[in-house]
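Here is a short set of exercises to work through with the model open beside you. Try each task before reading its solution.

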Amino acid sequence: SPVELTMAAATQPGQMIMFGENIPVMPFIDDIDAAMVKEGRSAETSIQKLQEQYNGYKMVEQQLTARKMKLRSKVPDIEKTLGVVKRMKASQEEGLSELKTHYELCDAVYAKAVVPIAEEQTVFLWLGANVMLEYTVEEAVLLLTTNLASAQRALVEVSEGLGFLKDQMTTCEVNMARVFNWDVRERRKAMAQEAEGGPK
């Protein structure tokens with residue numbers, strides 16, 4: 001569930017603005033005096049609310065960063081698999097009976113392989129969660145092309161989400177600094193008034 005938008009009523013009345021599914025917009029506190037009046041003139045409460053919002057942003061940032069890293073490793077895997085399947089399809093269309101290639105045993109270790117090509121060639125694809133399914137070459141190309149486009153689109157969306165999130169976190173930090181500075185200014189005013197009204 002999305003984290004609550006705090007201090008929003010101070011600057012922008014109305015509904016919470018969201019980016020994607022769970023990143024609320026952090027409005028900039030333009031009129032700090034009006035905002036603090038609405039917050040009951042309590043800097044401590046305001047900073048606490050903003051800090052909670054900031055912590056919520058940090059949590060979302062961690063989730064999006066982990067998702068971005070996962071997608072970054074997934075896209076090359078899909079591209080590599082799609083390239084192999086397309087090569088098999090091309091060999092099938094050329095009427096070749098076998099395909100000579102190299103396959104990876106583990107990191108930086110490859111072995112030669114001869115793959116027989118049949119008229120009705122099928123391939124097995126890992127779908128995740130220890131699930132492997134058999135597809136025709138045409139079905140595999142279609143599935144992998146769709147998955148690649150989805151993964152690339154998701155990667156772009158996550159990158160945009162992270163950029164948007166960083167902007168909200170910066171605005172939140174600026175808002176906290178403005179509240180803190182307002183509090184310092186108010187304390188100095190109070191001290192000056194006490195000094196003026198006190199014994200000479």
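**Exercise 1. Two residues with unusual backbone angles**

Task: Decide whether Asn130 is buried or exposed, and find where Asn130 is placed.

Solution. Start with the surface. Asn130 has a relative accessible area of 75%. The cut-off for exposed is over 50%, so Asn130 is exposed. A word of care before going on: this is a predicted model. Next, locate the residue: Asn130 sits in the loop between E5 and strand E6, which covers 131–136. Last, look at the backbone: Asn130 is not a glycine, yet its phi is positive, at about 60 degrees.

Now repeat the steps for Ala108. Ala108 lies in the loop that links E3 and E4. With 72% relative accessibility, Ala108 counts as exposed too. The phi of Ala108 is positive, about 65 degrees, although Ala108 is not a glycine. For a glycine example, turn to Gly95, just after H3, where phi is positive at about 80 degrees.

**Exercise 2. The order of the elements**

Task: Work out how many helices and strands the protein has, and in what order the elements run.

Solution. Walk along the chain from the N terminus and write one letter per element: α-β-β-α-α-β-β-β-β-α. Counting by type gives four helices and six strands. For the fold as a whole, take the contacts between residues at least 6 apart in sequence: 61% of them join residues at least 24 apart.

**Exercise 3. The span of a helix**

Task: Compare the reach of helix H3 with the span expected at 1.5 Å a residue.

Solution. Helix H3 takes in residues 43–93, which is 51 residues. The expected span is 1.5 Å times one less than the number of residues, which gives 75 Å for H3. In the model, the first and last C-alpha atoms of H3 are 73 Å apart, close to that expectation.

**Exercise 4. Partners across the sequence**

Task: For Leu144, Cys172 and Gly56, say whether each is buried or exposed, then look for residues that are distant in sequence.

Solution. The cut-off for buried is under 20% relative accessible area. Take the residues one at a time.

- Leu144 belongs to helix H4. At 7% relative accessibility, Leu144 is buried. Apart from residues up to four places away in sequence, Leu144 touches Ile78, Thr81, Leu82, Val85 and Leu125. The C-alpha atoms of Leu144 and Gly83 are separated by 9.6 Å, with their positions 61 residues apart along the chain.
- Cys172 is also a residue of helix H4. Its relative accessible area is 0%, so Cys172 is buried. Beyond neighbours within four places in sequence, Cys172 contacts Met26, Leu50, Gln53, Tyr54 and Tyr57. Cys172 and Val25 are 147 residues apart in sequence, while their C-alpha atoms are 9.8 Å apart.
- Gly56 is part of helix H3. With 6% relative accessible area, Gly56 is buried. Gly56 and Met169 are 113 residues apart along the chain, and 9.7 Å separates their C-alpha atoms.

To put these residues in context, buried residues make up 32% of the 200 residues in the protein. On the outside, the protein exposes about 13500 Å², of which carbon and sulfur atoms supply 54%.

**Exercise 5. The largest pocket**

Task: Find which element gives the most residues to the lining of the largest pocket, and describe that lining by class.

Solution. Begin with the space itself: the largest pocket has a volume of about 1000 Å³. Its lining has 28 residues, and those nearest the centre are Asp77, Lys80, Thr81, Val84 and Leu125. Two or more lining residues come from each of H3, strand E3 (98–106), strand E4 (109–116), strand E5 (122–128) and helix H4 (137–197). Among the contributors, H3 gives the most, with 11 residues. Sorting the lining by class then yields 17 nonpolar, five polar and six charged residues.

Notes
Residues are numbered from 1 along each chain as its sequence is written. This is a predicted model: local features need pLDDT of at least 70, side-chain atom pairs count only at pLDDT 80 or more; totals for chains, interfaces and linings use all residues. Side-chain values use heavy atoms; hydrogens and water are left out. Buried means under 20% relative accessible area, exposed over 50%, partly exposed in between (1.4 Å probe, protein chains only). Contact means heavy atoms within 4.5 Å. Accessible areas come from the Shrake-Rupley method with a 1.4 Å probe; for residues, only the protein chains shown count as cover. On a 1 Å grid over the protein atoms alone, a cavity is a set of points where a 1.4 Å probe fits but cannot get out, and a pocket is an open set with protein on both sides within 12 Å along at least five of seven lines; lining residues have an atom within 4 Å of a point. Grid points are joined across faces, edges and corners, and a volume is the space filled by probe spheres set on the points. Ala, Val, Leu, Ile, Met, Phe, Trp, Tyr, Cys and Pro count as nonpolar, Asp, Glu, Lys and Arg as charged, and the others, Gly among them, as polar.
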